[in-house]
Amino acid sequence: MPAFPYYNAPAIDALNSQAVALLKLFASRGYVREEPAVLQPAEIFLDRTGEEIRRRTFTLMDPSGREL
């Protein structure tokens, strides 16, 4: 079984049309679209999950030295 489903172009177009319709509905009700940051501070997640998860998590350092 593949890890990710395969979507052909018509299926992707249908999904995008549904997403646009939902976003328009939310906007019509006063909601604002928010784009969260892709990278998050690692301590939020790793401090609560333990060393086993820390060993298997890909982290980066930002210029100030924080783990992301």
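**Entry 1: Met61**

I looked up Met61 and asked whether it is buried or exposed. Its relative accessibility is 58%, so Met61 counts as exposed, since the cut-off for exposed is over 50%. I note here that the model is predicted. Met61 sits in the segment after H3.

Next I asked which residues Met61 touches, leaving aside neighbours within four places in sequence. I found Arg66 and Glu67 in contact with Met61. I also checked Met61 against Pro41, which is 20 residues away along the chain. Their C-alpha atoms are separated by 9.5 Å.

**Entry 2: Arg66 and its partner**

Arg66 came up as a contact of Met61, and I followed it further. Arg66 forms a salt bridge with Asp62. The closest N and O atoms of this pair are 3.2 Å apart.

I then looked up how accessible the two partners are. Arg66 has a relative accessible area of 41%, so I wrote it down as partly exposed. Asp62 is at 15%, and therefore counts as buried, because the limit for buried is under 20%.

**Entry 3: the other salt bridge**

How many salt bridges does the count come to? I noted two. Besides the bridge between Arg66 and Asp62, there is one between the side chains of Arg33 and Glu35. The N to O distance for Arg33 and Glu35 is 2.9 Å. I recorded both Arg33 and Glu35 as exposed.

**Entry 4: the aromatic rings**

I searched for aromatic pairs, and the count comes to one. It joins Phe26 and Tyr31, with ring centres 6.0 Å apart and planes at 75°. I asked why this pair is called edge-to-face. The planes of Phe26 and Tyr31 stand at 75°, and an angle over 60 degrees counts as edge-to-face.

I checked the accessibility of each ring residue as well. Phe26 is partly exposed because its relative accessibility is 43%. Tyr31 has 59%, and so is exposed.

**Entry 5: a nonpolar patch**

Phe26 and Tyr31 turned up again in a nonpolar patch on the surface. The other members I listed are Leu22, Leu23 and Leu25. Together the five residues of the patch have about 500 Å² of accessible area.

I picked Leu25 from the patch for a separate look. Leu25 lies in helix H1. At 37% relative accessibility, Leu25 counts as partly exposed.

**Entry 6: Ser64**

I went back to the segment after H3, where Ser64 also lies. Ser64 has a relative accessibility of 61%, so I put it down as exposed. I compared its position with Ala37, 27 residues away along the chain. The C-alpha atoms of Ser64 and Ala37 are separated by 17 Å.

**Entry 7: confidence**

Last, I looked up how confident the prediction is. The protein chain averages a pLDDT of 84, and 93% of the residues score at least 70. Where is confidence lowest, and where is it highest? The lowest mean is 77, in helix H3, residues 51–55. The highest is 94, in helix H1, residues 9–28. I added a reminder to myself that predicted coordinates should not be read in detail where pLDDT is low.

Methods:
Residues numbered from 1 in each chain as written. Predicted model: local features only at pLDDT ≥ 70, side-chain atom pairs only at ≥ 80, totals over all residues. Heavy atoms only, no water. pLDDT = per-residue confidence, 0-100. Helix = DSSP H or I, 4+ residues; strand = E, 2+ residues; numbered from the N terminus. Buried < 20%, exposed > 50% of the residue type's maximum accessible area, 1.4 Å probe, protein only. Contact = heavy atoms within 4.5 Å. Phe/Tyr/Trp six-rings, centres within 6.5 Å; stacked < 30°, edge-to-face > 60°. Patch = residues over 30% accessible without salt bridge, like charges linked within 9 Å, V, L, I, M, F, W, Y side chains within 5 Å. Areas by Shrake-Rupley, 256 points an atom, 1.4 Å probe, with all protein chains shown as cover. Salt bridge = Lys/Arg side-chain N within 4 Å of Asp/Glu carboxyl O.
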